[in-house]
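Here's a quick tour of how two chains meet and what sits between them. Have the structure open while you read.

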Amino acid sequence: MLTCKQFLQELNDYLDPSTDPATKCHLEQHVNECPNCFIVVDTTKKTLQIYKGLEPQTIPESVKARLWKALEKKMAARKAQA
Amino acid sequence: MTPTTTAAFDESALVEKARAGDAQAFTELVNHYERKIYRLAKHITQNDEDAEDVLQEAFLKAYEHLDGFKGDSKFYTWIVRIAVNEALMKLRKRKGDRTVSLDEPIETGEETVQREIAVWEDNPEQRYSRTEIQQILDEAVEGLKPDFRTVFMLRDIEELSTEETAEALGISIPAVKSRLLRARLALREKLTRQFRRKGEDVFAHL
Ligand SMILES: [Zn+2]
(Lines give C-alpha, C1' and ligand atoms only; values in the text may rest on other atoms or scores of the structure.)
Protein backbone atom coordinates (compact mmCIF):
# COMPACT_ATOMS: atom_id res chain seq x y z
CA MET A 1 0.00 0.00 0.00
CA LEU A 2 1.04 3.59 -0.59
CA THR A 3 2.30 5.61 2.32
CA CYS A 4 0.35 8.76 3.20
CA LYS A 5 3.13 10.88 1.81
CA GLN A 6 3.06 9.03 -1.49
CA PHE A 7 -0.68 9.35 -1.63
CA LEU A 8 -0.64 13.08 -0.96
CA GLN A 9 1.87 13.57 -3.79
CA GLU A 10 -0.77 12.07 -6.07
CA LEU A 11 -3.72 13.86 -4.53
CA ASN A 12 -4.33 16.10 -7.54
CA ASP A 13 -4.47 13.09 -9.83
CA TYR A 14 -6.93 11.50 -7.48
CA LEU A 15 -9.15 14.59 -7.62
CA ASP A 16 -8.80 15.07 -11.37
CA PRO A 17 -11.76 13.56 -13.22
CA SER A 18 -9.60 12.90 -16.27
CA THR A 19 -7.21 10.57 -14.45
CA ASP A 20 -7.33 7.04 -15.83
CA PRO A 21 -9.44 4.54 -13.84
CA ALA A 22 -6.52 2.21 -13.02
CA THR A 23 -4.51 4.97 -11.33
CA LYS A 24 -7.60 6.19 -9.59
CA CYS A 25 -8.41 2.74 -8.31
CA HIS A 26 -4.89 2.33 -6.98
CA LEU A 27 -5.18 5.61 -5.10
CA GLU A 28 -8.69 4.82 -3.93
CA GLN A 29 -7.34 1.83 -2.04
CA HIS A 30 -5.31 4.08 0.18
CA VAL A 31 -8.25 6.39 0.86
CA ASN A 32 -10.43 3.48 1.83
CA GLU A 33 -7.94 2.25 4.35
CA CYS A 34 -6.59 5.47 5.73
CA PRO A 35 -8.97 7.66 7.75
CA ASN A 36 -6.56 10.60 7.73
CA CYS A 37 -6.19 10.72 3.99
CA PHE A 38 -9.92 10.22 3.66
CA ILE A 39 -10.39 13.42 5.62
CA VAL A 40 -7.72 15.25 3.65
CA VAL A 41 -9.44 14.26 0.39
CA ASP A 42 -12.82 15.27 1.69
CA THR A 43 -11.72 18.63 3.05
CA THR A 44 -9.62 19.40 -0.03
CA LYS A 45 -12.68 18.79 -2.20
CA LYS A 46 -14.68 21.09 0.05
CA THR A 47 -11.94 23.71 -0.10
CA LEU A 48 -12.10 23.76 -3.89
CA GLN A 49 -15.89 23.74 -3.87
CA ILE A 50 -16.12 26.70 -1.58
CA TYR A 51 -13.60 28.71 -3.60
CA LYS A 52 -15.25 27.89 -6.89
CA GLY A 53 -18.69 28.73 -5.55
CA LEU A 54 -17.73 32.27 -4.73
CA GLU A 55 -18.66 34.90 -7.30
CA PRO A 56 -16.11 37.66 -7.74
CA GLN A 57 -17.10 40.76 -5.84
CA THR A 58 -18.13 43.87 -7.66
CA ILE A 59 -15.45 46.38 -8.46
CA PRO A 60 -15.50 49.65 -6.51
CA GLU A 61 -17.39 52.28 -8.51
CA SER A 62 -14.47 54.68 -8.62
CA VAL A 63 -12.17 51.99 -10.02
CA LYS A 64 -14.75 51.11 -12.63
CA ALA A 65 -15.28 54.72 -13.60
CA ARG A 66 -11.57 55.22 -14.18
CA LEU A 67 -11.34 52.05 -16.25
CA TRP A 68 -14.16 53.21 -18.51
CA LYS A 69 -12.75 56.67 -18.84
CA ALA A 70 -9.42 55.24 -19.98
CA LEU A 71 -11.11 52.88 -22.40
CA GLU A 72 -13.34 55.52 -23.88
CA LYS A 73 -10.35 57.74 -24.47
CA LYS A 74 -8.58 54.95 -26.28
CA MET A 75 -11.65 54.08 -28.33
CA ALA A 76 -12.18 57.70 -29.33
CA ALA A 77 -8.54 57.93 -30.41
CA ARG A 78 -8.97 54.91 -32.62
CA LYS A 79 -12.12 56.32 -34.15
CA ALA A 80 -10.33 59.57 -34.92
CA GLN A 81 -7.61 57.61 -36.65
CA ALA A 82 -9.96 55.65 -38.84
CA MET B 1 -25.74 41.25 -6.69
CA THR B 2 -24.87 38.76 -9.38
CA PRO B 3 -24.85 40.25 -12.84
CA THR B 4 -27.89 39.70 -14.98
CA THR B 5 -27.56 36.21 -16.32
CA THR B 6 -25.67 36.82 -19.49
CA ALA B 7 -28.15 35.78 -22.12
CA ALA B 8 -26.00 33.60 -24.33
CA PHE B 9 -22.70 35.34 -24.00
CA ASP B 10 -20.97 34.51 -27.24
CA GLU B 11 -17.32 35.27 -26.72
CA SER B 12 -16.01 34.47 -30.17
CA ALA B 13 -18.75 36.45 -31.94
CA LEU B 14 -18.01 39.47 -29.75
CA VAL B 15 -14.27 39.16 -30.35
CA GLU B 16 -14.91 38.96 -34.08
CA LYS B 17 -17.00 42.14 -33.99
CA ALA B 18 -14.54 43.94 -31.74
CA ARG B 19 -11.72 43.14 -34.11
CA ALA B 20 -13.74 44.63 -36.93
CA GLY B 21 -13.86 47.85 -34.94
CA ASP B 22 -17.11 47.47 -33.01
CA ALA B 23 -16.45 49.32 -29.76
CA GLN B 24 -19.76 48.16 -28.28
CA ALA B 25 -18.67 44.55 -28.66
CA PHE B 26 -15.42 45.22 -26.84
CA THR B 27 -17.38 47.00 -24.13
CA GLU B 28 -19.42 43.85 -23.61
CA LEU B 29 -16.29 41.76 -23.29
CA VAL B 30 -14.93 44.12 -20.67
CA ASN B 31 -18.23 44.10 -18.80
CA HIS B 32 -18.20 40.35 -18.76
CA TYR B 33 -14.68 39.84 -17.47
CA GLU B 34 -13.75 42.93 -15.49
CA ARG B 35 -14.64 41.52 -12.09
CA LYS B 36 -12.66 38.36 -12.64
CA ILE B 37 -9.64 40.23 -13.92
CA TYR B 38 -9.81 42.61 -10.98
CA ARG B 39 -10.00 39.74 -8.51
CA LEU B 40 -7.07 38.02 -10.15
CA ALA B 41 -5.03 41.22 -10.09
CA LYS B 42 -5.89 41.86 -6.50
CA HIS B 43 -4.93 38.40 -5.37
CA ILE B 44 -1.62 38.45 -7.17
CA THR B 45 -0.55 41.99 -6.29
CA GLN B 46 -2.32 42.19 -2.92
CA ASN B 47 -2.53 45.89 -3.37
CA ASP B 48 -5.60 47.92 -4.37
CA GLU B 49 -3.73 50.50 -6.35
CA ASP B 50 -1.73 47.94 -8.29
CA ALA B 51 -4.85 45.91 -8.95
CA GLU B 52 -6.57 48.94 -10.43
CA ASP B 53 -3.58 49.64 -12.68
CA VAL B 54 -3.44 46.03 -13.79
CA LEU B 55 -7.15 46.03 -14.60
CA GLN B 56 -6.78 49.12 -16.74
CA GLU B 57 -3.58 48.14 -18.45
CA ALA B 58 -4.83 44.66 -19.24
CA PHE B 59 -7.95 45.88 -21.04
CA LEU B 60 -6.20 48.78 -22.73
CA LYS B 61 -3.50 46.47 -24.01
CA ALA B 62 -6.05 43.96 -25.15
CA TYR B 63 -7.89 46.67 -27.04
CA GLU B 64 -4.70 47.92 -28.63
CA HIS B 65 -3.49 44.49 -29.64
CA LEU B 66 -6.78 43.00 -30.69
CA ASP B 67 -5.36 42.56 -34.16
CA GLY B 68 -2.62 40.38 -32.73
CA PHE B 69 -5.11 38.08 -31.05
CA LYS B 70 -5.11 35.02 -33.22
CA GLY B 71 -8.18 33.33 -31.90
CA ASP B 72 -6.34 30.03 -31.42
CA SER B 73 -6.86 30.40 -27.70
CA LYS B 74 -9.89 31.80 -25.96
CA PHE B 75 -10.08 35.54 -25.57
CA TYR B 76 -10.46 35.02 -21.86
CA THR B 77 -7.23 33.01 -21.60
CA TRP B 78 -5.51 35.71 -23.56
CA ILE B 79 -6.71 38.56 -21.35
CA VAL B 80 -5.83 36.55 -18.24
CA ARG B 81 -2.33 36.12 -19.58
CA ILE B 82 -1.94 39.83 -20.20
CA ALA B 83 -3.27 40.61 -16.73
CA VAL B 84 -0.97 38.08 -15.06
CA ASN B 85 2.07 39.56 -16.77
CA GLU B 86 1.10 43.04 -15.67
CA ALA B 87 0.41 41.88 -12.14
CA LEU B 88 3.71 40.04 -11.81
CA MET B 89 5.56 43.09 -13.06
CA LYS B 90 3.89 45.19 -10.39
CA LEU B 91 4.68 42.64 -7.75
CA ARG B 92 8.33 42.52 -8.68
CA LYS B 93 8.56 46.27 -8.72
CA ARG B 94 7.00 46.59 -5.33
CA LYS B 95 9.21 43.93 -3.81
CA GLY B 96 12.24 45.77 -5.12
CA ASP B 97 13.00 43.13 -7.70
CA ARG B 98 14.32 40.61 -5.33
CA THR B 99 12.09 37.90 -3.97
CA VAL B 100 9.64 37.12 -6.68
CA SER B 101 10.84 34.76 -9.29
CA LEU B 102 8.35 32.26 -10.52
CA ASP B 103 11.22 30.11 -11.68
CA GLU B 104 12.66 29.52 -8.26
CA PRO B 105 12.90 25.83 -7.66
CA ILE B 106 10.77 24.84 -4.74
CA GLU B 107 11.31 22.00 -2.44
CA THR B 108 8.57 19.45 -2.34
CA GLY B 109 8.11 16.66 0.08
CA GLU B 110 8.15 17.44 3.76
CA GLU B 111 5.60 20.18 3.52
CA THR B 112 2.95 17.95 2.09
CA VAL B 113 2.76 16.39 5.53
CA GLN B 114 -0.54 17.58 6.86
CA ARG B 115 -0.81 18.85 10.35
CA GLU B 116 -4.44 19.81 10.52
CA ILE B 117 -6.57 16.80 9.98
CA ALA B 118 -10.10 17.21 11.17
CA VAL B 119 -13.55 16.88 9.72
CA TRP B 120 -15.36 20.12 9.00
CA GLU B 121 -18.62 21.32 10.40
CA ASP B 122 -21.48 20.83 7.95
CA ASN B 123 -21.92 23.48 5.28
CA PRO B 124 -19.63 26.09 6.78
CA GLU B 125 -20.55 28.46 3.97
CA GLN B 126 -24.05 28.67 5.40
CA ARG B 127 -22.89 29.41 8.91
CA TYR B 128 -21.05 32.52 8.02
CA SER B 129 -22.19 35.59 6.16
CA ARG B 130 -21.04 36.02 2.59
CA THR B 131 -18.68 38.77 3.67
CA GLU B 132 -17.18 36.61 6.40
CA ILE B 133 -16.62 33.71 4.02
CA GLN B 134 -15.14 36.06 1.48
CA GLN B 135 -12.75 37.37 4.08
CA ILE B 136 -11.74 33.92 5.29
CA LEU B 137 -11.05 32.73 1.75
CA ASP B 138 -9.20 35.89 0.75
CA GLU B 139 -6.99 35.80 3.80
CA ALA B 140 -6.13 32.18 3.20
CA VAL B 141 -5.07 32.89 -0.39
CA GLU B 142 -3.16 35.97 0.64
CA GLY B 143 -1.18 33.89 3.10
CA LEU B 144 0.27 31.80 0.28
CA LYS B 145 3.58 32.60 -1.35
CA PRO B 146 3.14 34.50 -4.64
CA ASP B 147 4.08 31.55 -6.86
CA PHE B 148 1.57 29.31 -5.12
CA ARG B 149 -1.30 31.74 -5.04
CA THR B 150 -0.78 32.67 -8.67
CA VAL B 151 -0.95 29.06 -9.81
CA PHE B 152 -3.97 28.43 -7.60
CA MET B 153 -5.78 31.47 -8.98
CA LEU B 154 -5.16 30.47 -12.57
CA ARG B 155 -5.89 26.77 -12.23
CA ASP B 156 -8.67 26.60 -9.67
CA ILE B 157 -10.31 30.00 -9.82
CA GLU B 158 -9.87 31.06 -13.44
CA GLU B 159 -9.94 27.43 -14.54
CA LEU B 160 -7.08 27.56 -16.99
CA SER B 161 -5.61 24.20 -17.96
CA THR B 162 -2.24 23.06 -16.65
CA GLU B 163 -0.73 23.83 -20.05
CA GLU B 164 -2.30 27.28 -20.27
CA THR B 165 -1.11 28.09 -16.77
CA ALA B 166 2.42 26.93 -17.56
CA GLU B 167 2.42 29.08 -20.65
CA ALA B 168 0.97 32.14 -18.92
CA LEU B 169 3.58 31.99 -16.17
CA GLY B 170 6.50 30.80 -18.24
CA ILE B 171 7.09 27.80 -16.00
CA SER B 172 7.14 24.06 -16.65
CA ILE B 173 4.14 21.77 -16.41
CA PRO B 174 5.60 19.82 -13.48
CA ALA B 175 6.15 23.13 -11.69
CA VAL B 176 2.49 24.05 -12.19
CA LYS B 177 1.45 20.69 -10.84
CA SER B 178 3.60 20.74 -7.75
CA ARG B 179 2.68 24.32 -6.93
CA LEU B 180 -0.98 23.62 -7.34
CA LEU B 181 -0.71 20.68 -4.97
CA ARG B 182 1.12 22.72 -2.38
CA ALA B 183 -1.34 25.58 -2.72
CA ARG B 184 -4.38 23.35 -2.38
CA LEU B 185 -3.02 21.56 0.64
CA ALA B 186 -2.02 24.80 2.32
CA LEU B 187 -5.46 26.30 1.74
CA ARG B 188 -7.15 23.15 2.96
CA GLU B 189 -5.13 23.38 6.11
CA LYS B 190 -5.91 27.05 6.66
CA LEU B 191 -9.62 26.52 6.11
CA THR B 192 -9.60 23.51 8.40
CA ARG B 193 -8.50 25.80 11.21
CA GLN B 194 -11.63 27.85 10.56
CA PHE B 195 -14.16 25.20 9.73
CA ARG B 196 -13.21 22.16 11.80
CA ARG B 197 -16.01 20.66 13.78
CA LYS B 198 -15.99 22.20 17.20
CA GLY B 199 -15.66 20.22 20.38
CA GLU B 200 -13.18 17.70 19.15
CA ASP B 201 -10.15 19.72 19.94
CA VAL B 202 -10.37 22.44 22.52
CA PHE B 203 -7.16 23.99 21.26
CA ALA B 204 -8.37 24.26 17.69
CA HIS B 205 -8.70 27.99 17.82
CA LEU B 206 -5.48 28.94 19.50
ZN1 LIG C 1 -2.97 8.05 4.32
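The largest cavity has a volume of about 90 Å³, in what is a predicted model. Just one cavity of 30 Å³ or more turns up in the structure.

Who lines that largest cavity? Both chains pitch in: chain A brings Tyr51(A), Leu54(A), Glu55(A) and Pro56(A), while chain B brings Arg39(B), His43(B), Gln134(B), Leu137(B), Asp138(B), Val141(B), Met153(B) and Ile157(B). On the chain B side, α2 (23–45), α6 (130–142) and α7 (146–157) each give at least two lining residues, and α6(B) has the largest share with four.

Now for the contact between the chains. It draws on 34 residues of chain A and 50 residues of chain B. About 4300 Å² is buried between chain A and chain B, with 66% of that coming from carbon and sulfur atoms.

There's polar chemistry here too: 13 residue pairs in polar contact cross the interface of chain A and chain B. Four helices of chain A, namely α1 (4–9), α2 (11–15), α4 (35–52) and α5 (61–81), each put two or more residues on the side that touches chain B. Of these, α4(A) gives the largest share, eleven residues.

Here is the make-up by class of the two sets of residues:

| Set | Nonpolar | Polar | Charged |
|---|---|---|---|
| Lining of the largest cavity | seven residues | two residues | three residues |
| Side of chain A that touches chain B | 18 residues | eight residues | eight residues |

Finally, the salt bridges: six of them span the interface of chain A and chain B. One salt bridge pairs Lys52(A) with Asp156(B), whose closest N and O atoms are 3.8 Å apart.

Methods
Residues are numbered from 1 along each chain as its sequence is written. Chains are lettered from A and ligands numbered from 1 in the order in which they are written. This is a predicted model: local features need pLDDT of at least 70, side-chain atom pairs count only at pLDDT 80 or more; totals for chains, interfaces and linings use all residues. Side-chain values use heavy atoms; hydrogens and water are left out. On a 1 Å grid over the protein atoms alone, a cavity is a set of points where a 1.4 Å probe fits but cannot get out, and a pocket is an open set with protein on both sides within 12 Å along at least five of seven lines; lining residues have an atom within 4 Å of a point. Grid points are joined across faces, edges and corners, and a volume is the space filled by probe spheres set on the points. Ala, Val, Leu, Ile, Met, Phe, Trp, Tyr, Cys and Pro count as nonpolar, Asp, Glu, Lys and Arg as charged, and the others, Gly among them, as polar. Contact means heavy atoms within 4.5 Å. Buried area is the accessible area (1.4 Å probe) that two parts lose on being put together, summed over both. A salt bridge is a side-chain nitrogen of Lys or Arg within 4 Å of a carboxyl oxygen of Asp or Glu. A polar contact is a pair of N or O atoms within 3.5 Å; within protein, one must be able to donate a hydrogen and the other to accept it, and residues adjacent in sequence count only if both atoms are side-chain atoms.
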